[in-house]
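Trainee: I am new to this structure. Could we look at it together and ask what lies behind each label?

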Amino acid sequence: LVMALTPMRTWTFAWVSQIGMLAGTAVYVNAGTQLARLDSLAGILSVELIGSFALLGIFPWVARKSVAVLRRRRALACWPRPRRFEYNLLVIGAGAAGLVAAYIAAALKSKVALIERDRMGGDCLYTGCVPSKTLIASARLLARMRRADEFGLRVIQPEVDFPAVMRRVRDVVERIAPHDSAERYTRLGVDCIRGDAQILSPYSVRVGDRELTARNIIVASGARPWVPALEGSEGLDILTSDNLWGLEELPGRLLVLGGGPIGCELAQAFARLGSRVILVEMANQLLPREDADMAQRIEKILRGEGIDLHLEHRALRIDQGEAEHELVCEHAGAERRLGFERILVALGRRAETRDLGLQELGVEVGPDGTVEHDRQMRTAVPNLYVCGDVAGPFQFTHMAAHQAWYATVNALFGRFWSFAVDETVVPFATFVDPELARVGLNEQEAQRKGIPYETVHYELAGLDRALAEGEAQGVVKVLTVPGKDRVLGASILAHGAGELIGEFVSAMRNGYGLNKILGTIHVYPTMSEANKHAAGVWRRAHTPQRLLGWVERYHAWMRRA
């Protein structure tokens, strides 16, 4: 009936409707016919009747699969299909997503090739998670040493050997690199191929002078830092999260452009190591995706460590000098000049999909380079899948691995059964000190989506272990369904928040609430007790006062008895 109201020719509507209903009508008529033939109760258990009703159950599944096969064939009809495939799966990119995809495919005994233009391990190993957290560890220890008097120790000012710090960063990368090496993956059964990949068709990829064929292709080509074309920046040696790991000399005055996670993490680390750091952010708060109260706590911490913060400053241009340069910003309608020796741009990352040939296949690529895909990680080309940074919207290593599982299993077995990626419970952390970790909704997201909520706060100033460790600045903040203990989201600002958030991730993923967390035994004294105490705050706020009144009267009666 709805179709009849759409702009469609009458004849087209008639024949499509009849053909569409024909198969379903036949199945229902068959079941009705078998029912009409019943002449005794014993007939209910007849093969014909049971088969007819079984057909009713499986028919929708068969119909959907048939339609999917037809759509797949139509989408691939214009591309010549090889008579024989060299591989079951080709994976482009050997970062976090590509490595997991290749590992799973090899474990499932398929023939898989992994193509990488640079180094196995990708950004996470060489320019992202591993080096940044190693640098942060050195800076955190340095900051703690400077607080020795708080622990009853004599303060000895440590001397920073910056080249040694950077050597340690590289040493840690080298120790982890064998986990992601071509040698290891070759032993696992993966063909590791070095070179630039260009997708020629849904079935073939060119690497150098070699053309590889496969039934399915996964694109996991990662992302790169985005550097805006600022006026006056020509010829300036701009630092990004990709190239700063080659530094051998600590910048005297470092300007960090961008107050997101990467900008805040690196600004704090370099400030602790001895740089005079200026942090510039266009928004009215740091970490714009986080709640204002959490961002303000981070802001207070960074300012307390000597970082010169400039919020609501929009970068206009760079005026270069001989020894020092200036960033010209617009703030409150006026220009401001901020001097610096080196500049670190941390304004986010763009998916690396250039020169892959995706648009030529009809695959839609967004302005930020991410590729349009469905919940099975499948693109408009049915046998072309994506995962990791090119899929978005979560540019996290753990999410890349999560997506890679779905992309790989669907690519290899999707003709029989496919799985929709679960993006409902995605944790992440900003590794400032103390760390800020989150899962699910925060207040600004809940308000934007119109979702009602209650909040629970527990300050770490009341946690025994936090006081003993000298790490009592922080808070556990939980959003729940009004009147219920079901967790909508949690934000934790604490030492080791990245570990503490796991309990709330499990609660949301497995469908249990704060009452279960409150009833779980936590080791004393540990930081994890903060989660239990937060659950206790919720429980006290929802105590049935009327029932307690009756309990009080019962105890009074028992004293008289």
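Mentor: Let us talk through some salt bridges and the burial of their residues. This is a predicted model, in which local features need pLDDT of at least 70 and side-chain atom pairs count only at pLDDT 80 or more, while totals for chains, interfaces and linings use all residues. Residues are numbered from 1 along each chain as its sequence is written, and side-chain values use heavy atoms, with hydrogens and water left out.

Trainee: Why is the pair Lys133 and Glu265 called a salt bridge?

Mentor: A salt bridge is a side-chain nitrogen of Lys or Arg within 4 Å of a carboxyl oxygen of Asp or Glu. The closest N and O atoms of Lys133 and Glu265 are 3.5 Å apart, so the pair fits that definition. Lys133 lies in helix α5 and Glu265 in helix α8, so the bridge ties together parts that are 132 residues apart in sequence. Helices here are DSSP runs of H or I with at least four residues, and strands are runs of E with at least two, numbered from the N terminus.

Trainee: What makes Glu265 buried?

Mentor: Buried means under 20% relative accessible area, exposed over 50%, and partly exposed in between (1.4 Å probe, protein chains only). Glu265 has 7%, so Glu265 counts as buried. Lys133, at 28%, is partly exposed.

Trainee: Why does Asp242 count as partly exposed?

Mentor: Because its relative accessibility is 29%. Asp242 meets Arg349 in a salt bridge at 3.9 Å, N to O, and Arg349 is buried at 17%.
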